[in-house]
Amino acid sequence: MLVTGGAGFIGFHACKLLLGRGHRVLCVDNFDAYYDPAIKRANAAELSQHPNFQLLEGDIRDRDLLRRAFQPNVDRMLHLAARAGVRPSIANPQLYFDVNVGGTLEILESMRQYGCTKLVFASSSSVYGNSPRIPFSEDDASAEPISPYAASKRAAELLCYSYHHLYRFDISCLRFFTVYGPRQRPEMAISLFTDRIRKGEPVEMFGDGATVRDYTFIDDITAGIEAALQRVSGFAIYNLGGSRTTSLRQTIAAIEDALGRRAIIRQLPMQSGDVDRTFADISKARRELGYQPNTPFPEGIRIFCEWLTRTKPLAAVTP
Ligand SMILES: NC(=O)c1ccc[n+]([C@@H]2O[C@H](COP(=O)([O-])OP(=O)(O)OC[C@H]3O[C@@H](n4cnc5c(N)ncnc54)[C@H](O)[C@@H]3O)[C@@H](O)[C@H]2O)c1
């Protein structure tokens, strides 16, 4: 199995699950500097302990590297590599399009060239923008993304459709809804909030705390990825969410409860590009993939806080 972005947050857990199921995993990752590459190197080092894991370090936009990646036995692939994050995409839209759209195009072209016909692609709930049709359903046109990141994911989905149409590739695009859990990207809100609350530092809350997110625990996401890889057929888009919403205030409260510590909150204006709410209709994924998220948010937050506290102990915790 070829996995791009396997050294990242979701990629690490997906590779671990696939290795545990007996797959051979070839991971392409360039350890990009969006957040500390040492975290990704540590993930890859841990995966490398498994005899069936192989790392090919490099960029998905490098055709020569992809030629080496598409070994004859690669019959399906999981494409996770991307520049993630909404706000930085506003500062650097070219880069986001280059990696997320141009990179996906290179993957699709390489699949065509080397005879791989099955792809599971990591898309995002952000493609729904501020759609008023709640919960978000895959039937939505998703034609009004409100950040370059969201637009890049929607554009990549459209390219996937074109390659399905032209070459009969089997492709499933999975729209992940804010994924959290151990090893979450350090710049994501839950990671940032948890780290600051435990250190007694103020957390920056954008807006009045009423924005809501549909959070998905990492183990539920990897179960959905595995099901999609097994069943990929034709062209399909699936929401993978928790199908429950939590406000920003409630998110902070859940972290406070898990840490046993109160947050110092600094309220700041809403950030442009951020959507007001996400909420997944998961009936299609349930029906066709057997997807069933089963980690309640407070439980997932407890697991995350326990992991953070264990792996990154504070030298001196202020009382
Ligand atoms: N985490 C979430 O909540 C979330 C939500 C929706 C969608 N997604 C999507 O899921 C995927 C994985 O997200 P994540 O949170 O694990 O992010 P991540 O940044 O931890 O992982 C992405 C990985 O891709 C690698 N990468 C980036 N550019 C590359 C390139 N040009 N060539 C090769 N490798 C490259 C990075 O080094 C990293 O290891 C991404 O496509 C992201 O857009 C994530």
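Helix axes are taken here as lines fitted to C-alpha atoms over the stretch in contact, with angles running from 0 to 180 degrees between N-to-C directions. With that in hand, the packing of two helices in this predicted model can be described. Helix α1 packs against helix α8 (residues 218-231) at an angle of about 60 degrees, and their axes lie 10 Å apart. The arrangement of α1 relative to α8 is therefore oblique, because angles of 65 to 115 degrees would be needed to count as roughly perpendicular and angles under 35 degrees as roughly parallel. The crossing of α1 past α8 is right-handed.

Helix α1 also takes part in the surroundings of the ligand. Around the ligand there are 30 residues, of which Gly-5, Gly-8, Phe-9, Ile-10 and Ala-82 come nearest. At least two residues of this shell are supplied by each of α1 (9-20), β2 (25-29), α5 (93-114) and β5 (118-124). The most generous contributor is α1, which gives three residues to the shell. Sorted by class, the shell around the ligand holds 15 nonpolar residues, eight polar ones and seven charged ones.

Attention now turns to a pair of strands. Strand β8 (residues 202-206) runs in the parallel sense with β13, and five bridges join the two. Within this pairing, Pro-202 is found opposite Ile-264 of β13. How many of the five residues of β13 are buried? The count is zero, and β13 (residues 264-268) is accordingly described as hardly covered.

Note on methods: Residues numbered from 1 in each chain as written. Predicted model: local features only at pLDDT ≥ 70, side-chain atom pairs only at ≥ 80, totals over all residues. Buried ≥ 20, exposed ≤ 12 C-beta atoms within 10 Å, placed from the backbone. Helix = DSSP H or I, 4+ residues; strand = E, 2+ residues; numbered from the N terminus. Pairing = 2+ DSSP bridges. Near = placed C-beta within 6 Å. Nonpolar A, V, L, I, M, F, W, Y, C, P; charged D, E, K, R; others polar. Parallel < 35°, antiparallel > 145°, perpendicular 65-115°, else oblique. Left-handed = near helix turned anticlockwise from the far one by under 90°.
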